[in-house]
Amino acid sequence: ESVTRLNTPTRPPSMLGGECAVSVSAGPFHSLTITADGAVWSWGQGGFGQLGHGERQEQGQLQPKKVEALAGQRIVAVSAGSYHSLAITAGSLWSWGAGTLGHGDEQD
């Protein structure tokens, strides 16, 4: 059973592959974190592909899962929108999910 509401700050069990979280972004339906090694992890609702795991996740991802599509990239910043996500490396912008993603059209 998942916990969906806590009234005091509570540290969840670490599910980040032994790495420490160094940054986090929370959107209305999902969250992203960057670990010390520059990897991105996501969790929450993913019905529009905003989690970045290659499929829509209508049931949601209850625990952080590594975004494997960004393996090998050292991510320095992330942002979680309503239905999309963004990540920045030292010289590139990455986007996924649904809506205006910066690719010149709207993709879903």
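## Basis of the description

Strands (E, at least two residues) and helices (H or I, at least four residues) are DSSP runs, numbered from the N terminus. The structure is a predicted model, in which local features need pLDDT of at least 70 and side-chain atom pairs count only at pLDDT 80 or more, whereas totals for chains, interfaces and linings use all residues. Residues are numbered from 1 along each chain as its sequence is written, and side-chain values use heavy atoms, with hydrogens and water left out.

## Overall architecture

The protein has zero helices and nine strands, and its pattern along the sequence reads β-β-β-β-β-β-β-β-β. The radius of gyration is 14 Å, close to the 13 Å that the globule rule gives for 108 residues, so the protein is as compact as a globular protein of that length. That radius is taken over C-alpha atoms, and the rule is 2.2 Å times the number of residues to the power 0.38. Along the principal axes, the C-alpha atoms fill a box of roughly 40 × 30 × 20 Å.

Of the 108 residues, 35% count as buried (under 20% relative accessible area, with exposed meaning over 50% and partly exposed in between; 1.4 Å probe, protein chains only). Contact means heavy atoms within 4.5 Å; among the contacts with a separation of 6 or more, 34% join residues 24 or more positions apart.

## Surface and charge

About 6,900 Å² of the protein is exposed, and carbon and sulfur atoms supply 51% of this area. Accessible areas come from the Shrake-Rupley method with a 1.4 Å probe; for residues, only the protein chains shown count as cover.

There are 6 positive and 9 negative side chains, and the centres of the two sets lie 9 Å apart. Lys and Arg count as positive and Asp and Glu as negative, while His and the chain ends are not counted. Each charge is placed at NZ of Lys, CZ of Arg, CG of Asp or CD of Glu.

## Strands 5, 6 and 7

Two strands pair if DSSP finds at least two bridges between them. Strand 5 and strand 6 are antiparallel partners over four bridges, and a hairpin of three residues joins them. Within this pairing, Val-78 has Ala-87 of strand 6 as its bridge partner. In a regular strand the side chains alternate between the two faces of the sheet. Strand 5 (residues 77–80) shows this alternation: Val-78 and Ala-80 point to one face and are buried, while Ala-77 and Ser-79 point to the other and are not.

Strand 6 (residues 84–88) also pairs with strand 7 (residues 93–97), in the antiparallel sense and over five bridges. Four residues lie between these two strands in their hairpin, and Ile-88 is bridged to Leu-93 of strand 7.

## Selected residues

Trp-94 belongs to strand 7 and, at 30% relative accessibility, counts as partly exposed. Beyond its neighbours within four places in sequence, Trp-94 contacts Leu-70, Gln-73, Ser-85, Leu-86, Ala-87 and Thr-89. Asn-7 is 87 residues from Trp-94 in sequence and 34 Å from it in space, C-alpha to C-alpha.

His-53 occupies the loop between strand 3 (40–46) and strand 4 (57–66). With 13% relative accessibility, His-53 counts as buried. Outside its neighbours within four places in sequence, His-53 is in contact with Ser-42, Lys-65, Lys-66 and Val-67. The C-alpha atoms of His-53 and Ser-42 are 8.6 Å apart, at a sequence separation of 11 residues.

Gly-18 lies in the segment before strand 1 (21–26) and counts as exposed at 73% relative accessibility.
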